[in-house]
Amino acid sequence: VSDASGCSMIALLHTGAAKFPQNLLPRTRQAVCSLRPPGVLKGYGSIVSRKLASHGFGASMAAMSSFPPQRYHYFLVLDFEATCDKPQIHPQEIIEFPILKLNGRTMEIESTFHMYVQPVVHPQLTPFCTELTGIIQGMVDGQPSLQQVLERVDEWMAKEGLLDPSVKSIFVTCGDWDLKVMLPGQCQYLGLPVADYFKQWINLKKAYSFAMGSWPKNGLLDMNKGLNLQHIGRPHSGIDDCKNIANIMKTLAHRGFIFKQTSKPF
């Protein structure tokens with residue numbers, strides 16, 4: 001703080017709220033308020049609170065420990081696994097297609113969609129792919145094609161009420177690759193349309209960096225470590241990765257973070 005008015009600290013809060021550890025925010029506000037002279041910065045606390053809310057930290061710092069309402073009724077947690085090798089094969093094809101329906105009010109899992117997908121360009125999985133993902137040949141042989149799986153996703157979305165225009169939902173991924181690169185790329189290769197609901201999403205890495213002030217270079221492993229969470233299941237298992245994403249989201253939400261779309265419109 002550069003002077004008795006606390007202006008420098010206020011400016012820091014005003015411009016960099018997302019980088020503050022949440023356990024320090026209430027104490028920071030108290031320190032700023034205690035430094036201001038009578039009549040100076042009157043009402044500024046509410047301005048700071050509103051600014052923090054715009055960064056995803058809830059309506060007020062006094063309510064940081066509560067569970068603020070989210071902007072979406074449901075979060076659809078998705079994590080593809082795809083054919084792969086070293087050097088990389090082209091085109092890659094989705095072989096595991098999991099989605100968890102996460103209630104935006106309780107942050108609990110309400111429903112699961114999970115299917116394996118038969119690759120057609122490179123139908124034989126490489127040893128590298130099996131070692132990385134845990135998916136063996138017998139898990140994809142005879143499974144539906146991507147087109148058939150996408151049709152079943154749409155049926156599941158309808159059954160779960162997610163296609164109702166009054167229901168707000170959004171996909172959540174660990175990075176932009178799943179819905180910016182993998183799905184549209186394979187659909188383009190196969191001549192398949194991409195449903196509109198796949199065209200907006202939340203990148204959990206970006207959300208985490210907004211909330212915690214650091215970029216998770218190692219993805220889920222870094223986010224779990226930063227939040228003192230145990231890793232669930234096997235790394236690079238699509239369904240297990242989804243469970244980890246959901247657990248991280250729930251933890252951030254209970255800390256007061258409000259999730260926002262991070263993808264740019266197509």
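The following legends describe close-up views of a predicted model.

Local features in this predicted model require pLDDT of at least 70 and side-chain atom pairs pLDDT 80 or more, whereas totals for chains, interfaces and linings use all residues. Residues are numbered from 1 along each chain as its sequence is written, and side-chain values use heavy atoms, with hydrogens and water left out.

**Figure 1. Overview of the chain and its secondary structure.** The chain comprises ten helices and six strands; helices (H or I, at least four residues) and strands (E, at least two) are DSSP runs, numbered from the N terminus. Of its 266 residues, 45% are buried, where buried means under 20% relative accessible area, exposed over 50%, and partly exposed in between (1.4 Å probe, protein chains only). Taking contacts (heavy atoms within 4.5 Å) between residues at least 6 apart in sequence, 69% join residues at least 24 apart. The chain exposes about 13100 Å², of which carbon and sulfur atoms supply 55%; accessible areas come from the Shrake-Rupley method with a 1.4 Å probe, and for residues only the protein chains shown count as cover.

**Figure 2. Helix α6 and its surroundings.** Helix α6 consists of 14 residues (146-159), and its end C-alpha atoms lie 20 Å apart, in agreement with the expected span of 20 Å, which is 1.5 Å times one less than the number of residues. L146, V149, L150, V153, W156 and M157 are the buried residues of α6. They cover an arc of only 115° around the axis, so they lie on the same side of the helix; the arc is that of the directions from the helix axis to the C-beta atoms. The cover over these buried residues includes β1 (74-78), β3 (94-103), β4 (109-116), β5 (169-173) and α7 (177-190). On the other side of α6, E155 and K159 are exposed. Just after the helix, G161 adopts a positive phi of about 75°.

**Figure 3. Salt bridges between parts distant in sequence.** A salt bridge is a side-chain nitrogen of Lys or Arg within 4 Å of a carboxyl oxygen of Asp or Glu, and by this rule the count is five. K101 pairs with E160, with the closest N and O atoms 3.0 Å apart. This pair links strand β3, which holds K101, to the loop between α6 and β5, which holds E160, across 59 residues. K101 counts as buried because its relative accessibility is 4%. A second salt bridge joins K250 and E108 (2.4 Å, N to O). K250 lies in helix α10 (residues 238-254) and E108 in the loop between β3 and β4, so this pair ties together parts 142 residues apart in sequence. Both residues count as partly exposed, K250 at 25% relative accessibility and E108 at 39%.

**Figure 4. The salt bridge of D196 and K199, and a salt-bridge network.** The closest N and O atoms of D196 and K199 are 3.5 Å apart. D196 is exposed, at 54% relative accessibility, whereas K199 is partly exposed, at 27%. Elsewhere, salt bridges that share partners join K101, E110 and E160 into one network.

**Figure 5. The loop between β4 and α4, with a nonpolar surface patch.** V120, V121, Y189 and L190 make a nonpolar surface patch of about 350 Å². Patches are made of residues with over 30% relative accessible area and no salt bridge, like charges being joined within 9 Å and nonpolar side chains (Val, Leu, Ile, Met, Phe, Trp, Tyr) within 5 Å. V121 is found in the loop between β4 and α4 (127-133) and is partly exposed, at 30% relative accessibility. T126 belongs to the loop between β4 and α4 and is buried, with a relative accessible area of 15%. Leaving aside its neighbours within four places in sequence, T126 is in contact with C84 and D85.
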